[in-house]
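Biologist: Please take me on a close look at one part of this model, then follow the connections outward from there. I'd be glad of the cut-offs behind your terms as you go.

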Amino acid sequence: MLEIKNLHANINGKEIIKGLSLTVNAGEIHAIMGPNGAGKSTLSSVLTGNPAFTVTEGQVTFNGKNLLELSPEDRSREGIFLSFQYPVEIPGVSMVNFMRTAVNEHRKYKNLDPISATDFLRLMREKKELVEMDNKLANRSVNEGFSGGEKKRNEIFQMAMLNPLLSILDETDSGLDIDALRIVANGVNKLKSPDNASIVITHYQRLLDYIIPDFVHVLYDGRIVKSGGKELAYELEERGYDWIKKEVEEAAI
Ligand SMILES: Nc1ncnc2c1ncn2[C@@H]1O[C@H](COP(=O)(O)OP(=O)(O)OP(=O)(O)O)[C@@H](O)[C@H]1O
């Protein structure tokens, strides 16, 4: 589904992604862990087409298409979804209008007619239940005045509404209490299918008790320097990142 080869990207001339390669197949969940500042959020920004970052080298293929040539909007319409680390508030835009516009934009791309009012309301109801979202939140402006946890839950609600092929969850677990963490993780698990995939960026092994990854990768200094199974997350929790740094330095000698 997604193939990243030797990706290099910078912001204002400062290189952040330094030769990153990663392959994600349909049906897989990949966790990305790594120390602060390693480039995890930058990777999600580059994949979704944030224009602040410049790709200087490498290829990214998504479902056979050159992802780097597509606009951020078309990347979304092709099925990439990003759950933001810091979701923005959009005062004055109701959740209902926001979601209906997004759903219809995706349908238009697939040459489908706009969703009927009845089907849209049914879809909203079904997906709200999936993330146990309060009706009152769905009647407000997008994220306006939502608590940190409510914003994160709203991200998963939006993901459920759009049913993406590739979901990138950037620290969706930060700021969630235990119940919200479970609800968000359940939502992600229920949406999992053999046709879609997820990249879960997290600092904590705890989330991976709920969302079981097929692969865990360590992103360090702009590259994936180590990959393994779920046990790697436990090892990182226990040992931190110093040993990774040592391994990388030794390999460079
Ligand atoms: N707009 C910017 N201008 C300058 N440097 C930036 C900018 N955005 C990101 N960076 C730098 O890029 C590096 C990687 O940041 P990024 O947010 O991708 O790290 P991260 O791995 O997600 O970290 P964290 O775990 O703390 O969220 C950091 O050193 C950061 O300061």
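Modeller: Happy to! Let's start with Asn63, which is found in the loop between strand S4 (54–62) and strand S5 (65–66); helices (H or I, at least four residues) and strands (E, at least two) are DSSP runs, numbered from the N terminus. Residues are numbered from 1 along each chain as its sequence is written. Please keep in mind that this is a predicted model, in which local features need pLDDT of at least 70 and side-chain atom pairs count only at pLDDT 80 or more, while totals for chains, interfaces and linings use all residues.

Asn63 has a phi near 50°, a positive value in a residue other than glycine. Most residues other than glycine have a negative phi. Asn63 is partly exposed because 14 other C-beta atoms lie within 10 Å. On this scale, a residue is buried with 20 or more other C-beta atoms within 10 Å of its own, exposed with 12 or fewer, and partly exposed in between, with C-beta atoms placed from the backbone.

The two strands flanking this loop belong to an open, antiparallel sheet of four strands in the order S2-S1-S4-S5. S2 and S5 are the edge strands, each pairing on one side only. Strands count as paired if DSSP finds at least two bridges between them. Strand S1 (residues 2–11) and S4 are joined by seven bridges in the antiparallel sense, and Leu2 has Phe62 as its bridge partner in S4.

From the edge strand S2 we can step across to the ligand. Strand S2 (14–24) and helix H1 (40–48) each supply at least two residues of the shell around the ligand, and H1 gives the most, with three. The shell has 13 residues, the closest being Asn36, Gly37, Lys40, Ser41 and Thr42; a residue is near a molecule if its C-beta atom, placed from the backbone, lies within 6 Å of it. By character, the shell divides into four nonpolar, seven polar and two charged residues. Here Ala, Val, Leu, Ile, Met, Phe, Trp, Tyr, Cys and Pro count as nonpolar, Asp, Glu, Lys and Arg as charged, and the others, Gly among them, as polar.

There is another loop with a positive phi to set beside Asn63. Asn111 sits between helix H3 (95–109) and H4, with phi near 60°. Asn111 counts as exposed because it has 6 C-beta neighbours inside 10 Å. As for H4 (residues 117–130), its 14 residues should span 20 Å at 1.5 Å a residue, and its end C-alpha atoms are 20 Å apart, which agrees; the expected span is 1.5 Å times one less than the number of residues. Just after H4, Glu132 takes a positive phi of about 50°.

A further positive phi, again about 50°, belongs to Asp221, in the turn of the hairpin that S11 and S12 form with two residues between them. S11 (residues 215–220) and S12 (residues 223–228) run antiparallel, joined by five bridges, and Tyr220 has Arg223 as its bridge partner in S12. S11 also pairs with strand S3 (residues 29–33), in the parallel sense over four bridges, where Ala31 is partnered by Val216. Five of the six residues of S11 are buried.

Finally, let's go inside. The largest nonpolar core has 60 residues, and those with the most contacts inside it are Val184 and Val200; such a core is a set of buried Ala, Val, Leu, Ile, Met, Phe, Trp, Tyr and Cys residues joined through C-beta atoms within 7 Å. Helix H7 (residues 178–191) brings the largest share of this core, six residues. Beyond four places in sequence, Val184 touches Val131, Lys152, Arg153, Ile156, Thr172 and Leu176, contact meaning that C-beta atoms, placed from the backbone, lie within 7 Å.

One of these partners, Ile156, lies in helix H6 (residues 148–162), and counts as buried because it has 26 C-beta neighbours inside 10 Å. Leaving aside neighbours within four places in sequence, Ile156 is in contact with Ser83, Val131, Val184, Gly187 and Val188. The C-alpha atoms of Ile156 and Thr172, 16 residues apart along the chain, are separated by 8.7 Å. Ser174, in the loop between strand S9 (166–170) and H7, is partly exposed because it has 16 C-beta neighbours inside 10 Å.

Terms used: Two residues are in contact if their C-beta atoms, placed from the backbone, lie within 7 Å.
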